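Okay, thanks everyone, let's get going. Have the model up on your screens while I talk.

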Amino acid sequence: MDKPLALVLKPNSLSDIVGQSHLIGKDKIISNMVKSKKLFSMILYGNPGTGKTSIANAIVNDLKCHARFLNATLNNKQDLIGVIEEAKMLDGIVLVMDEIHRMNKDKQDILLPCLENGLITLIGMTTSNPYHKINPAIRSRCQIFKLEPLSSSDVEDGLKKAIKKDILKDIKIDRKTIKYISEISGGDLRFALNLLEVAYYFNKDHKIDIEVIKTINNKPNFFHDKNETGHYDVLSGLQKSIRGSDVDAALHYAARLILAEDLDSLYRRLSVIAYEDIGLANPTIGPRLEACINASERVGLPEARIIMSNIVIEMALSPKSNTAYMAIEKAIADLETKNIGDMPSYLKSPYIGYKYPHEYRNSIVNQNYLPEGLKGSKYYIPKESSKYEINLKNTKEKIERFKEGLKDE
């Protein structure tokens, strides 16, 4: 079977790489490392198709160093031991490790001393945030470099280079189609090259236009790894956009989840936002969200996107209050950090001395309900973010004033 175009075109030198000028441009860190022929252990992280493997290969080729390539998921402990033994014979080796965030503790324990004494120089690659996913002991021995998503113009340059190589013989494609492929690639050059190759074989005359591309792929490509960092980044973007009342950004992140057909994650995160960030400023939002979720489940995709758009817009433009969230956080913090003492005896059976509020004016009685060590603690601090919470604030103050009056009687 022929190799995929993306593999055939893999860069042999840093000068062949598209994008990442902040790392491999003139006088930038990785370029200067190679120029100085001095390599340090590093971790390259970023979205798929941004050039992690390409940069690792290019470094090895440019420095003409001994290197071995492993995958933390596929290769076992014996494979790693074999690389270490080879490193001892060669007095050092470069280990290029893909999926490094999946390296288990056994492998880490074997690798760490070799990084420490310089026997192995590591180039790790991952799509996950290394600050969250990689063992701190490994991380502290490496320089960490983030690869940015390629711009549409970067991907366009990569496609043009591929076409000029004349590997796809007699290809017929215009500038508009190249630009279209680059725009729907989501900064993933590998995706763009794979799409170009499939389109090349779509017609016998190898003519590619926008309609051919739409026939093959009618969805834009974007990074959404359901179980990894990118997934949580999208959810974080959604929540922070709604919290910041940016309706357009909120719709963008919701659209990413909808295109990934990940409605469950969208439902769960919106449910959190409804009570954490909107809360008492708009207490009707919770039931309204629940109604939208039920309607979305009933009709399913693609129509569910319309229903979810309604609620995302309403949530983004709703008044916001985190007072309920902050109140319970303070209450939990006191439980975890203070000697709270015993709760009042009249709140416990047989309730001797308990004053039944309904027997008193306004159903309010001057009676302490908190444990002794928390007497006088204040957890709920209202905001004046909406009429509803202003009413709660006024009611709270009225109750407190009434209690103060009872003390004076």
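I'll walk through three helices and how they pack.

Ground rules to start with: this is a predicted model, where local features need pLDDT of at least 70, side-chain atom pairs count only at pLDDT 80 or more, and totals for chains, interfaces and linings use all residues. Residues are numbered from 1 along each chain as its sequence is written, and side-chain values use heavy atoms, with hydrogens and water left out.

Helices here are DSSP runs of H or I, at least four residues, numbered from the N terminus. Let's start with H15. Its 16 residues should span 22 Å at 1.5 Å a residue, and the end C-alpha atoms sit 21 Å apart, which agrees; the expected span is 1.5 Å times one less than the number of residues. Buried residues (under 20% relative accessible area, 1.4 Å probe, protein chains only) include Leu266, Leu270, Ile273 and Ala274, but also Glu276 and Asp277. Right after H15, Gly279 has a positive phi of about 50°.

So what does H15 pack against? Take H17, residues 304–317. The two axes (lines fitted to C-alpha atoms over the stretch in contact, with angles from 0 to 180 degrees between N-to-C directions) come within 11 Å and cross at roughly 20°. H15 and H17 are therefore roughly parallel, a label for angles under 35 degrees. From H15, residues including Leu263, Leu266 and Ile273 touch H17 residues, among them Met308, Ile311 and Met315; contact means heavy atoms within 4.5 Å. By class, that contact has 12 nonpolar, no polar and no charged residues. For the classes, Ala, Val, Leu, Ile, Met, Phe, Trp, Tyr, Cys and Pro are nonpolar, Asp, Glu, Lys and Arg are charged, and the others, Gly among them, are polar.

Now H16, residues 285–299. How far apart are the end C-alpha atoms of H16? They are 21 Å apart, and 15 residues at 1.5 Å each should span 21 Å, which agrees. Its buried residues include Leu289, Cys292, Ile293 and Ser296, and what covers the buried set includes both H15 and H17. Just past H16, Gly300 takes a positive phi of about 70°.

H15 and H16 pack at about 170°, axes 10 Å apart, and are therefore roughly antiparallel, meaning over 145 degrees. Here Tyr267, Ser271 and Tyr275 are among the H15 residues meeting H16, whose side includes Pro287, Leu289 and Glu297. This contact divides into nine nonpolar, three polar and one charged.

Conventions
Helices (H or I, at least four residues) and strands (E, at least two) are DSSP runs, numbered from the N terminus. Buried means under 20% relative accessible area, exposed over 50%, partly exposed in between (1.4 Å probe, protein chains only). Angles under 35 degrees count as roughly parallel, over 145 as roughly antiparallel, 65 to 115 as roughly perpendicular and the rest as oblique.
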